[in-house]
Amino acid sequence: MVDRRLARSRAQEKRDAAAYGGRVQPGSGCGTFAKGDVRTSDLLIENKRTDKASMVLQGAWLDKIRKEALSEGRVPVLGIEIAGREWVLLPRDDY
């Protein structure tokens with residue numbers, strides 16, 4: 001079960017990297033040195049996903065990706081996949 005979830009998360013990262021012309025961040029989620037899951041020249045993307053019909057949006061996710069992106073001069077983006085549908089959440093000022 002864990003392997004399947006990990007594989008789906010990695011697939012989400014690869015799709016976002018391809019869609020936005022970026023690259024998957026090696027070691028994302030493995031420590032404090034790897035920020036975000038996908039990075040482009042101007043975006044830092046953190047991905048979250050679930051196979052369920054709903055997900056609780058956590059302010060901590062938004063705060064984390066905002067802090068990390070701003071420290072690198074990038075736009076913070078939260079990529080969300082819920083039950084196979086993909087969404088993108090970004091700050092209003094960057095919309």
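**Figure 1. Arg74 and its salt-bridge partner Glu72 in the predicted model.** Arg74 is buried, its relative accessible area being 18%. This value falls in the buried class because that class covers everything under 20%. The model shown here and in the other views is predicted. Arg74 forms a salt bridge with Glu72, and the closest N and O atoms of the pair are 2.8 Å apart. Glu72, in contrast to a buried residue, is partly exposed, with a relative accessible area of 30%. Side chains of opposite charge can pair when their charged atoms come close.

**Figure 2. Lys64 and the two glutamates that it meets.** The structure holds ten salt bridges, and two of those at Lys64 are the subject of this view. The side chain of Lys64 meets that of Glu46 in a salt bridge, at 3.3 Å from N to O. Glu46 lies in strand β3 (residues 43–50) and Lys64 in helix α2 (residues 59–71), so this pair ties together parts that are 18 residues apart in sequence. Lys64 also forms a salt bridge with Glu68, again with 3.3 Å from N to O. Glu68 and Lys64 are four residues apart in helix α2, which means that about one helical turn separates them. Are the residues of this group buried or partly exposed? Glu46 is buried, with a relative accessible area of 9%, and Glu68 counts as buried at 12%. Lys64 is partly exposed, with a relative accessible area of 37%.

**Figure 3. A network of salt bridges.** Which residues are linked in this network? They are Arg8, Arg15, Arg49, Asp51, Glu81 and Glu86. Two members of the network, Glu81 and Glu86, are also bridge partners in the sheet, with Glu86 in β5.

**Figure 4. The five-stranded sheet and its edges.** Five strands form an open sheet in the order β1-β2-β3-β4-β5, with mixed pairing. β1 (23–24) and β5 stand at the edges and have a single partner strand each, so one side of each is left without a neighbour in the sheet. β1 and strand β2 (residues 38–39) run antiparallel and are joined by two bridges. Within this pair, Arg39 in β2 is the bridge partner of Arg23. In a regular strand the side chains alternate between the two faces of the sheet.

**Figure 5. Strands β3 and β4 with helix α2.** β3 and β4 run parallel and are joined by eight bridges. Leu44 has Pro76 in β4 as its bridge partner. Together with α2, these strands make a right-handed β-α-β unit. Strand β4 (residues 75–82) is mostly covered, as six of its eight residues are buried.

**Figure 6. The hairpin of β4 and β5, with Ala83 in the turn.** β4 and β5 pair in the antiparallel sense over five bridges. The two strands form a hairpin with two residues between them. Where is Ala83 placed? Ala83 is in the loop between β4 and β5, and its relative accessible area of 46% makes it partly exposed. The phi of Ala83 is near 50 degrees, a positive value in a residue other than glycine. Most residues other than glycine have a negative phi.

**Figure 7. Helix α1 and the nonpolar core.** Helix α1 (residues 2–20) lies across β1, β2, β3, β4 and β5 and runs at about 145 degrees to β3. How many residues make up the largest nonpolar core? This core has five residues in all: Ala17, Val38, Leu43, Ile45 and Val77. In soluble globular proteins, nonpolar side chains tend to be buried together. Leaving aside neighbours within four places in sequence, Val38 is in contact with residues including Ala17, Leu43 and Ile45. Among the further contacts of Val38 are Glu13, Asp16 and Asn47.

**Figure 8. Tyr95 in the segment after β5.** Tyr95 is found in the segment after β5 (85–89). Is this residue, Tyr95, buried or exposed? Tyr95 is exposed, with a relative accessible area of 83%. Tyr95 and Ala19 are 76 residues apart in sequence, and their C-alpha atoms are 18 Å apart in space.

Terms used: Residues are numbered from 1 along each chain as its sequence is written. This is a predicted model: local features need pLDDT of at least 70, side-chain atom pairs count only at pLDDT 80 or more; totals for chains, interfaces and linings use all residues. Side-chain values use heavy atoms; hydrogens and water are left out. A salt bridge is a side-chain nitrogen of Lys or Arg within 4 Å of a carboxyl oxygen of Asp or Glu. Buried means under 20% relative accessible area, exposed over 50%, partly exposed in between (1.4 Å probe, protein chains only). Two strands pair if DSSP finds at least two bridges between them. A crossover is right-handed if, with the strands pointing away from the viewer, the path from the first strand over the helix to the second runs clockwise. Contact means heavy atoms within 4.5 Å. Axes are lines fitted to C-alpha atoms, for helices over the stretch in contact, and angles run from 0 to 180 degrees between N-to-C directions. A nonpolar core is a set of buried Ala, Val, Leu, Ile, Met, Phe, Trp, Tyr and Cys residues joined through side-chain atoms within 4.5 Å.
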